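Trainee: I have a model open on my screen and would like to practise turning its values into words. Could you go through it with me?
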Amino acid sequence: MPEVLKPDSDHSEENIIARAAEILADGGVMAYPTETFYGLGVDATNETAVEKIFLVKGRDFKNPIALIIGQTDDVSPLVKHTPEAARKLMSTFWPGALTIIFAASDSISPLLTAGTGKIGLRVSSHPIALKIAQKLKKPLTATSANLSGAPECSRASDVVEQIGDKIDAIVDGGKTPGGQTSTIIDVTCDPPVIVREGAISREAIEITLSRSCGPEKVC
């Protein structure tokens with residue numbers, strides 16, 4: 001069974017976050033709550049740990065993995081450049097459920113990009129996910145904490161049922177909102193392309209981009 005980290009009267013959130021970051025820094029695999037579902041996290045700079053994600057989920061290595069970062073300033077070392085459209089989207093929707101796909105810097109593992117040369121990033125609006133990324137001071141993988149093809153998990157108990165025997169820890173932050181997954185938009189092209197519409201609507205994105213980039217609409 002995984003180590004369950006749950007803030008309560010005996011364990012402060014600060015201590016839980018510190019322990020979570022310690023597990024990740026040691027190469028562990030951990031589930032944690034986000035503003036949509038539970039995510040599956042490892043230190044994204046640790047390639048051995050990243051490989052574990054695919055084994056836990058039964059995931060095809062051809063599928064890329066997005067990352068959660070602690071703040072907008074953390075984007076620069078991970079990408080080749082930041083287009084104006086991305087700056088406006090970050091300013092409007094981060095922290096939040098918008099994953100922005102950039103041209104990945106050479107420091108990003110091909111395991112994360114699936115050989116595409118692109119990397120998806122977001123700053124989470126869930127306080128636990130955000131604080132873990134900030135405490136770790138490294139990007140955190142943000143794939144869903146479930147078996148590939150199985151339903152996403154909105155409770156820690158759901159995670160235990162699906163993959164509890166394959167991970168090192170779970171941060172139990174209670175039930176997550178569930179519902180729609182994060183919206184994904186690719187800003188490596190002009191105009192940007194919505195890869196997946198989710199919690200952030202196409203309309204909201206188009207309004208934001210039209211204010212900063214002229215009348216162009218996303219594809």
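Mentor: Happy to, and keep in mind that this is a predicted model. Let's start with the cysteines.

Trainee: How many disulfides does the count come to?

Mentor: The count comes to 0 disulfides. A disulfide is a covalent bond between the sulfur atoms of two cysteines. The rule used here asks for a pair of cysteine sulfur atoms within 2.5 Å, and by that rule the count is 0.

Trainee: What makes Cys153 buried and Cys189 partly exposed?

Mentor: Buried means under 20% relative accessible area, and partly exposed lies between that and the 50% above which a residue is exposed. Cys153 has a relative accessible area of 1%, so Cys153 is buried. Cys189 has 29% relative accessibility, so Cys189 counts as partly exposed.

Trainee: Now the helices. Why are α1 and α5 called oblique to each other?

Mentor: Helix α1, residues 13-25, and helix α5, residues 127-136, pack at an angle of about 55°. Roughly parallel needs an angle under 35 degrees, and roughly perpendicular runs from 65 to 115. The angle of about 55° fits neither class, and α1 and α5 are therefore oblique. Their axes are 9 Å apart, and α1 passes α5 in a right-handed crossing.

Trainee: Which residues make that contact?

Mentor: From α1 come Glu13, Ile17, Ala18, Ala20, Ala21, Leu24 and Ala25. From α5 come Ile128, Lys131, Ile132, Lys135 and Leu136. By class, the contact has 9 nonpolar, no polar and 3 charged residues.

Trainee: What makes Glu13, Lys131 and Lys135 charged in that tally?

Mentor: The class is set by residue type: Glu and Lys count as charged, whereas Ala, Leu and Ile count as nonpolar.

Trainee: On to the backbone. Which residues does a cis peptide bond join, with omega about -5°?

Mentor: That bond joins Trp94 and Pro95. Pro95 is found in the loop between α3 (84-93) and β5 (98-103). A cis peptide bond also joins Asp190 and Pro191, with omega about 5°. Pro191 has its place in the loop between β10 (183-186) and β11 (193-196).

Trainee: Why are cis bonds worth pointing out, and positive phi values too?

Mentor: Because most peptide bonds are trans, and most residues other than glycine have a negative phi. Ala114 is not a glycine, and its phi is near 55°, a positive value. Lys137 is not a glycine either, and its phi is about 65°.

Trainee: Where are Ala114 and Lys137 found?

Mentor: Ala114 is in the loop between α4 (110-113) and β6 (118-122). Lys137 is in the loop between α5 and β7 (140-141).

Trainee: How do you know whether Ala114 and Lys137 are buried, partly exposed or exposed?

Mentor: Use the cut-offs of 20% and 50% again. Ala114 has a relative accessible area of 22%, so Ala114 is partly exposed. Lys137 has 73% relative accessibility, so Lys137 counts as exposed.

Trainee: What makes Leu112 buried?

Mentor: Leu112 has 1% relative accessibility, under the 20% cut-off, so Leu112 counts as buried. Leu112 has its place in helix α4. Leaving aside neighbours within four places in sequence, Leu112 is in contact with Ala44, Val50, Pro64, Ile65, Leu67, Ile119 and Thr141.

Trainee: How do you know that Leu112 is in contact with those residues?

Mentor: Contact means heavy atoms within 4.5 Å, and Leu112 is in contact with residues including Val50 and Ile119.

Trainee: What makes Asp106 and Met1 exposed?

Mentor: Exposed means over 50% relative accessible area. Asp106 has 74%, so Asp106 is exposed. Met1 has 81%, so Met1 is exposed as well. Asp106 is in the loop between β5 and α4, and Met1 is in the segment before β1 (3-5).

Trainee: Which residues does Met1 touch, not counting those up to four places away in sequence?

Mentor: Met1 touches Val160 and Gly164. As for a distance, the C-alpha atoms of Met1 and Thr176 are separated by 21 Å, with their positions 175 residues apart along the chain.

Conventions. Residues are numbered from 1 along each chain as its sequence is written. This is a predicted model: local features need pLDDT of at least 70, side-chain atom pairs count only at pLDDT 80 or more; totals for chains, interfaces and linings use all residues. Side-chain values use heavy atoms; hydrogens and water are left out. Axes are lines fitted to C-alpha atoms, for helices over the stretch in contact, and angles run from 0 to 180 degrees between N-to-C directions. Helices (H or I, at least four residues) and strands (E, at least two) are DSSP runs, numbered from the N terminus. Angles under 35 degrees count as roughly parallel, over 145 as roughly antiparallel, 65 to 115 as roughly perpendicular and the rest as oblique. A crossing is left-handed if the near helix is turned anticlockwise from the far one by less than a right angle, and right-handed if clockwise. Buried means under 20% relative accessible area, exposed over 50%, partly exposed in between (1.4 Å probe, protein chains only).
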